[in-house]
Amino acid sequence: MFEGLSTRLSGILDRLKGRGALSEADVQEAMREVRRALLEADVALEVVRSFTDKVRDRAVGAEVIKSVTPGQMVVKIVHDTLVETLGTEGVAIDLQAVPPVPIMMVGLQGSGKTTTTAKLAKRLFEKQKKKVLMASLDTRRPAAMEQLAILGKQIGVDTLPIVAGQSPVQIARRAIEAGRLGGYDVVMLDTAGRTHVDEALMAEVAEVEKAAGPHETLLVVDSLTGQDAVNVARSFTGRVKVTGVVLTRVDGDGRGGAALSMRAVTGKPIKLLGTSEKMDGLEDFHPSRIANRILGMGDIVSLVEKAAESIDAEKGMAIAKRMQSGQFNLNDMGDQLDQMMKLGGMQGLMGMLPGVKNMQKQLAGAVDDKAIKRQRAIIHAMTPWERRNPKEIDGKRRRRIARGSGTNPEEVNKLLKMHRGMADMMKAMGGPGAKRGPMAGLANMFGLGGGGMPQPTPEMLAELQQKMPGALPDKMPSLPPGGLPPGFPGLGGLGGAKLPGLPGFPFGKKK
């Protein structure tokens with residue numbers, strides 16, 4: 001998300017941070033580059049002008065020029081201005097009204113309204129324990145109502161029965177009445193869209209709004225349309241009382257122009273982000289966290305929240321104990337790989353960790369999500385007995401597993417060797433002499449021992465490479481100043497919790 005803009009801005013600001021003092025000319029030059037980066041990211045011209053003017057006015061001052069670290073001060077000013085442009089504070093979905101609370105979803109055809117309706121309904125049902133009724137008002141698009149009904153069955157949320165021949169306004173009134181009689185907390189109305197903004201679309205949406213009286217009207221726009229998404233938002237906000245915006249497909253948006261422009265141009269807050277096609281791929285929009293990601297500062301809070309929702313800590317602790325006693329099998333390893341992928345894989349984790357942005361190119365060969373997927377495929381191609389008894393897998397079985405997983409016997413051998421090395425190393429960490437033996441520091445490094453979190457020494461890394469061939473690249477990248485950031489995967493914890501940087505390290509909430 002925002003990959004292109006993040007890379008450009010991080011490079012510009014890194015050059016400023018490296019200077020002992022900044023002149024007004026330095027700031028002017030940096031702002032020209034920032035302006036170019038924002039325009040290339042498809043940010044609205046008026047927003048670009050306002051942004052660079054604010055940063056320039058705040059940065060070119062005696063307080064900054066005479067600062068001990070003026071470059072850092074400019075980075076802070078850019079960060080604060082980004083947050084201000086994005087909306088200062090996150091705005092949640094407002095349900096403070098007499099139930100059933102009507103929520104109307106509007107937008108163009110293909111923007112993801114129906115899927116987003118189901119995602120939001122699932123979120124309200126599971127997280128806020130609301131009784132939700134969904135209704136499709138799309139009488140033009142073939143199978144639109146059936147699509148919402150199917151999604152409702154998948155997520156366990158009720159949908160309004162389909163009655164042929166009714167108009168969108170009649171369906172909206174029937175949905176509100178059904179919500180009232182059925183004791184529902186929320187009624188979600190999925191309106192019809194068009195391929196473009198036209199008078200017929202606006203008239204229909206206005207009629208539905210008048211009939212249903214929605215407490216929230218959420219405009220769903222596709223972030224991949226860039227500047228056109230802002231134009232669509234401007235058109236809708238001029239005719240309908242839009243209370244918030246949902247940006248979809250932000251996982252494929254490397255530019256970020258729509259997000260940066262939306263609040264400033266329309267005055268409406270971005271409330272939610274669609275991050276994937278999965279039914280749980282919906283996130284709250286927090287301006288400060290998005291600004292941190294854009295500037296390569298990471299997003300630890302979102303990572304912790306995501307991990308707390310995705311990871312079963314008790315199961316992870318049980319696996320860790322088996323690892324320390326030497327009972328770690330391929331079922332355990334597969335579970336940990338699955339948990340890591342739930343967090344977005346290593347690439348997803350790295351994007352949310354502070355200080356790692358600048359190391360991504362160096363670590364590209366070491367953290368490959370495709371390799372993790374191949375390892376999972378190999379484990380899933382094994383029988384339950386083979387996963388419990390990896391030492392008994394002979395050459396014939398390895399060839400069959402390779403065929404079943406679409407890999408080759410060499411990759412199967414590599415996985416088995418890595419598992420064997422991990423099991424041996426973890427047993428050494430958890431053994432009687434681990435507290436004082438040569439493995440004590442490595443145990444602490446992976447969160448399995450007591451005490452603090454030492455930085456890995458070359459000797460530690462050499463021992464790890466010997467125990468787990470292929471786990472580390474041939475040449476480790478140079479660490480950033482001050483060492484690895486707190487919470488780097490597998491190298492420590494956040495508030496006592498461990499990140500699963502390598503399989504077998506629990507992280508999350510107890511269930």
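Here's a quick tour of helices 7 and 10, plus the pairing of helix 8 with helix 9. Keep in mind that this is a predicted model. Helix 7 has its buried residues along one face, and helix 10 likewise has its buried residues on the same side. Helices 8 and 9 run roughly parallel to each other.

**Helix 7**
- Helix 7 covers residues 144-155, so to speak a twelve-residue run, and spans 17 Å from first C-alpha to last, close to the 16 Å expected at 1.5 Å a residue.
- Its buried set is Ala144, Met145, Leu148, Leu151, Gly152 and Ile155.
- Looking down the axis of helix 7, those buried residues sit within an arc of 125 degrees, so they line one face.
- Over on the other side of helix 7, Lys153 and Gln154 are exposed.
- The buried residues of helix 7 pack against helix 6 (113-127), helix 8 (168-181) and strands 2 (132-136), 3 (158-159) and 4 (186-190).
- Right after helix 7 comes Gly156, with a positive phi near 75 degrees.

**Helix 10**
- In helix 10 (residues 227-239), the buried residues are Ala229, Val230, Val232, Ala233 and Phe236.
- These take up an arc of only 160 degrees around the axis, which puts them on the same side of helix 10.
- Their packing partners are strand 1 (101-107), strand 5 (216-222), helix 9 (199-212) and helix 11 (257-266).

**Helix 8 meets helix 9**
- The two axes come within 9 Å and cross at roughly 25 degrees.
- With angles under 35 degrees counting as roughly parallel, helix 8 and helix 9 therefore qualify.
- Helix 8 passes helix 9 in a right-handed crossing.
- On the helix 8 side, the contact uses Pro168, Val169, Ala172, Arg173 and Ile176, while helix 9 brings Glu204, Glu207, Val208, Ala211 and Ala212.

How values were computed
Residues are numbered from 1 along each chain as its sequence is written. This is a predicted model: local features need pLDDT of at least 70, side-chain atom pairs count only at pLDDT 80 or more; totals for chains, interfaces and linings use all residues. Side-chain values use heavy atoms; hydrogens and water are left out. Helices (H or I, at least four residues) and strands (E, at least two) are DSSP runs, numbered from the N terminus. The expected span of a helix is 1.5 Å times one less than its number of residues. Buried means under 20% relative accessible area, exposed over 50%, partly exposed in between (1.4 Å probe, protein chains only). The arc is that of the directions from the helix axis to the C-beta atoms. Contact means heavy atoms within 4.5 Å. Axes are lines fitted to C-alpha atoms, for helices over the stretch in contact, and angles run from 0 to 180 degrees between N-to-C directions. Angles under 35 degrees count as roughly parallel, over 145 as roughly antiparallel, 65 to 115 as roughly perpendicular and the rest as oblique. A crossing is left-handed if the near helix is turned anticlockwise from the far one by less than a right angle, and right-handed if clockwise.
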